[in-house]
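Student: I've got the structure up on my screen. Can you walk me through the sheets and the cores?

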Amino acid sequence: LTVPSHMLDKQQTNHQVKTMVKTSLILLTTLPALIECSTLRGSSELESNNSDEVNRDLQTASYVNVVGACNYSNVLAGYKTVYGNTASSVLASQLGVAAGTEESAVTSACVGAAGPSGSVPFNMLANEGIQFDQNYMNGNSDWNLDHSDGATRYGRVKRVYDNGMHYPVEWPEYMTQFKSCDTRAAMCCYVSTRSGTNPARNTDVCVVDFYRAMYSNHVGVGRNGGFSVYNAKASDAVNCQGFAWSSDEEDFSAKYKGNSLFYASMYNGLHEQGMTKNVPGAPMCGCVESMPIVTTADCTEAVEGYRFHYYSNKLTVAFDVQFVPCTDSSGVEVGLSAYYDKLVTDGKATEDDKAKLDKTIVGTCDAGTNSVFVKKGRPWWYIDSQKWTTFAGRGSFAETPEIGKEQFMTLFNASANKIVRRVCRSCWESHREIYYKRITPVPSTLDLYDTFLNNWFSADNALNEDFELYSTYEDALSGDNKWTYCNYDDENVGFPRDCGPTGYIPSNWSTFSPEERGVKDVIFMVEK
């Protein structure tokens, strides 16, 4: 079930525009648990019986946004922010009840304001087409470049914000930089505004790794490809806005992450602050894995909220996503990195997740730049001879001779972690590096040497029973992200046949003898 586009483009009458004052109320309280969604757009409507004179006075604050659960305490606190000491009487008047009975009336109104059961496709927000969305998030659409008639070009953004935040916005996986958010965090980084001035500076860019976003920057580089190192000056100004979400898909932050992206990229970033352009070589917005390496980023959180809208003698109460600055466990406003620490503390992310985020939000450019130099300054398949002993190679690694079963087993038995690494320069990305970790003793009946090079058989060699496979050495040591699929028992087909991280992946195996078959440019080594 999706929302018709005309509902997102609802125009306000001139009278409404003149009288409407939006007041966002951020309550310094712990937000309650996620509400259950039961209707497309839950709302309740109450008609006031008060005099026209009172109603005209009340029109001066046409609607109020309440952050937190829809209950009397939060609503009254919200009204106090707008009306001060007269909040209770104004609320009673809008509800059409006698003073002193407004608490039960608020409870009744909130019952009819359940959350939504539908969703809004992200491409409906700008409503300019999927390719436009991709160009905008890269920093290259007419919204980014031409501001001569901004009110006409992106005035829709304000209407979507006013009318579309009653629904979850779907995550835009159709854009390349949003297909895989392993860290469950995203951000936008801006270097200019629509007036041509600098944005408010809140970070420094350290490095842009072109490989991170090759489909956005259209620079065809490999994993060890190009990068730009930035030496920030006092006159430089970059502004990064980010958000993160829980690993629990039912958590509010995860269900409404698409809303957070709209807020960071189109509403707050473009419409409110006028920020428009990307860091050269990187997308303007994306999952943090595709973004520039920066020192810090501000942080916004999507939270449960409700809108109390009073107009023409009627009070309408509707679910409405609100956006507040991220805070730590003490309620202090913090940036993206510190907020992620809170997710870890709350069990909504892991330490490994935070370590991945720390590769993009680095604190200081010395740390971020050095990590790239280590990665880029040598080939991705670099072999440290102090750590690894090679035992067979072919293609571009043909200078490594086969050492034979006996010598291999001597090396393998001496290995502390029993890890064999295969590097393949001509394999698919997922199979360029594979780490085989033996978890049971190798019986005398198993020729493990031949199993790797020529005949990948299952006898005494079953995945996650006798051995485990990993894509990185760090995972092999920690036991994280084990591969889950393997097949075997095809004569003259060597490691790893069609094994894959999560399923069948063919054509990345090799055979050394009696004839060379399969992929070329392969080398095997055992950890010392």
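Tutor: Let's start with terms: strands (E, at least two residues) and helices (H or I, at least four) are DSSP runs numbered from the N terminus, and two strands pair if DSSP finds at least two bridges between them. This is a predicted model, where local features need pLDDT of at least 70, side-chain atom pairs count only at pLDDT 80 or more, and totals for chains, interfaces and linings use all residues. Residues are numbered from 1 along each chain as its sequence is written, and side-chain values use heavy atoms, with hydrogens and water left out.

Student: In the open sheet of five strands, which strands stand at the edges?

Tutor: The order is β14-β20-β15-β16-β17, with antiparallel pairing. Two of these strands have a single partner each, so one side of each is left without a neighbour in the sheet. Those edge strands are β14 (388-394) and β17 (467-470).

Student: Over how many bridges do β14 and β20 pair?

Tutor: β20 covers residues 522-527, and its pairing with β14 is antiparallel. Within that pair, Gly393 sits opposite Ile523. The count of bridges is six.

Student: Which helix gives the largest share of the largest nonpolar core?

Tutor: A nonpolar core is a set of buried (under 20% relative accessible area, 1.4 Å probe, protein chains only) Ala, Val, Leu, Ile, Met, Phe, Trp, Tyr and Cys residues joined through side-chain atoms within 4.5 Å. The largest one has 65 residues, and Trp171 and Phe262 are among those with the most contacts inside it. Seven of its residues come from one helix, α14 (residues 257-272).

Notes. Buried < 20%, exposed > 50% of the residue type's maximum accessible area, 1.4 Å probe, protein only.
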